[in-house]
Amino acid sequence: MWLNGQVISPVPDQSPSHRHRRADRAEAPDLAAADSEPLPPFAPAPVPGLVGPIRRKVGFELELGLDLAKGRVLSAPTTSAKSKQPSKEYASSGRPLRAETDWLLESSEEDEPQSGMQRSKDQTITKGETIRSGAGWRLTPDGGDGNWYPEFITDPVDEDKQPDRLPQIMQQLGTTVTKEWSDLRPGQYLDQGRGFVIGWAPQQRRKGLAANIHITVGVRPDRLIDLMGTLVQLAGGTKGKKKKLQPSLDENADDGAPSLAIDRSTLQILDRAVQQGQSAPGDPVYQGLVALMGTYVAGELRILDRLDDVIYELKPYGFHRLIDAADLREFLLTGTITNAESLGFIVKSHRTFDAFAKELREHLAEMGPAAAKLNVPILSRSSLAELRKATTIAAFGPFLDHVLAAAGRTSQESTLPLFPLGIANPKRTRTIEAQPTITIEQWVKSVFDGRNLTFTDETKSFESVGPVLGTCLCFWETRADGAVIEIRALDGDRPVEPARWDGLAKDVVGMMRSLNDTS
């Protein structure tokens, strides 16, 4: 087991408090979300075309909050000395503004962008195509039509054979980003080659260079639950002595600025899944599969604890005057509303419940996640069916109950929809999204039956991980097989500054070497 199995009780539910349905008494929930905002480097000549699928060991994807488009820079960017030293204007309180907001009160002359951009008529962009490349990284588009942003993808590195390589890549990447992009202002763009430009849109507020980071690793199936437990412990979810292996991953680091933070809701999901997974009767592979699938379910159903936010988002359409979060929860789970007062409001507004339900479903469909994977904190890029084959599952009933317990749900909740709001922009090649009304029980049954309903565009094979165990007669190295797991940005409101990228890489490499060690 991991870290002597020391786990504290789950973090208390932090979902918004229940609000009254009346418009004049409803308070807007805090929906502020920090946009991710790091910036990319440039290097040798652009690499044309697409880069095919790669087989990962340890790799990083760094999402940046800038605007990406096809176009051309209208004038060469320049930065005046004056703009580098913002004037010390004061707010009405007489206190100096924070450094990152000083520029907002500079003179209008300094506020003028130093360069502009003209968008091309052809904005055909392919996610994942290579824009630029450097030593161990490439710059690609991410997002979608109308909302493209840059993402860096590092080369996959065998952490056991080249433990220093990934930190070197991330250090070079962070240094280049800081050097080349720190002076960009709203309305200012830089050419990236191949017809791409990147910068801050004129309406964007200038922000820092921090990145939302997704980490892809290869982990032995019998150490999967240990990986999840380590993340929980590092984020303060367990008692006992802290590991010194990954100091900058630690949310309670001495300098108060962790390289990888986990928000409270995600910490609760992981903490509960680890506890329940460890208590499930079975081998470590089974326990890891149960815990992992529990985080899928809990992540997708997390919206049920935040329905006050959904009611607030429905405010422009007047639904906040008709129903409250309790009514919406009942509607999502049963298709009905039984509260007499709410039904009275509904009939006055829409004449019939069916008309109300039809309009509500149309608006809710627009609010669902754009992709099924977006709500999953730890995602298997390898087939869940392959993980299932690596263990023994005697019967479906207990397996379903264990997954539900890991998700914090009861056996009676197995018929809940896995995607309460549906999928806003389903992609049929992700086969789970072709079934947006699938229930929790149906999804768990698909894994039990050895089927893999995909959450990603590409399913990656198991790969060799950990130290060399020996060689066979033909001199091939013998190593353990590992599933490819993506640790998604666990707190999108606290991205990682470039100065911490290399430290994060070093710590993740050390963590994975320790987890995959066979000794």
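This is a short tour of one strand with its partners and of one helix pair, in a model that is predicted.

**Stop 1: strand 6.** Start by selecting residues 147–154, which make up strand 6. Is this strand enclosed or open to the outside? Of its 8 residues, 7 are buried, so strand 6 is largely enclosed by the rest of the structure.

**Stop 2: the neighbour before it in the chain.** Now add residues 137–144, which are strand 5. Strands 5 and 6 run antiparallel and are paired over 8 bridges. Follow the chain from one to the other and you will pass through a hairpin with 2 residues between the strands. Click on G146 in that turn: its phi is positive, at about 85°.

**Stop 3: the other partner.** Next, select residues 59–63, or strand 1. This strand is also antiparallel to strand 6, and 3 bridges join the two.

**Stop 4: E151.** Zoom in on E151 in strand 6. Which residue of strand 1 has E151 as its bridge partner? That residue is E63. T140 also has E151 as its bridge partner.

**Stop 5: a helix pair.** Leave the strands and select helix 6 (residues 264–279) together with helix 7 (residues 284–301). Their axes lie 8 Å apart, and the helices pack at an angle of about 145°. The crossing is right-handed.

To see where they meet, show the side chains. On helix 6, pick out I269, L270, R272, A273, G277 and Q278. Facing them on helix 7 are Q287, V290, A291, T295, A298 and G299. Coloured by type, the residues of this contact divide into 6 nonpolar, 5 polar and 1 charged.

Notes:
Residues are numbered from 1 along each chain as its sequence is written. This is a predicted model: local features need pLDDT of at least 70, side-chain atom pairs count only at pLDDT 80 or more; totals for chains, interfaces and linings use all residues. Side-chain values use heavy atoms; hydrogens and water are left out. Buried means under 20% relative accessible area, exposed over 50%, partly exposed in between (1.4 Å probe, protein chains only). Helices (H or I, at least four residues) and strands (E, at least two) are DSSP runs, numbered from the N terminus. Two strands pair if DSSP finds at least two bridges between them. Axes are lines fitted to C-alpha atoms, for helices over the stretch in contact, and angles run from 0 to 180 degrees between N-to-C directions. A crossing is left-handed if the near helix is turned anticlockwise from the far one by less than a right angle, and right-handed if clockwise. Contact means heavy atoms within 4.5 Å. Ala, Val, Leu, Ile, Met, Phe, Trp, Tyr, Cys and Pro count as nonpolar, Asp, Glu, Lys and Arg as charged, and the others, Gly among them, as polar.
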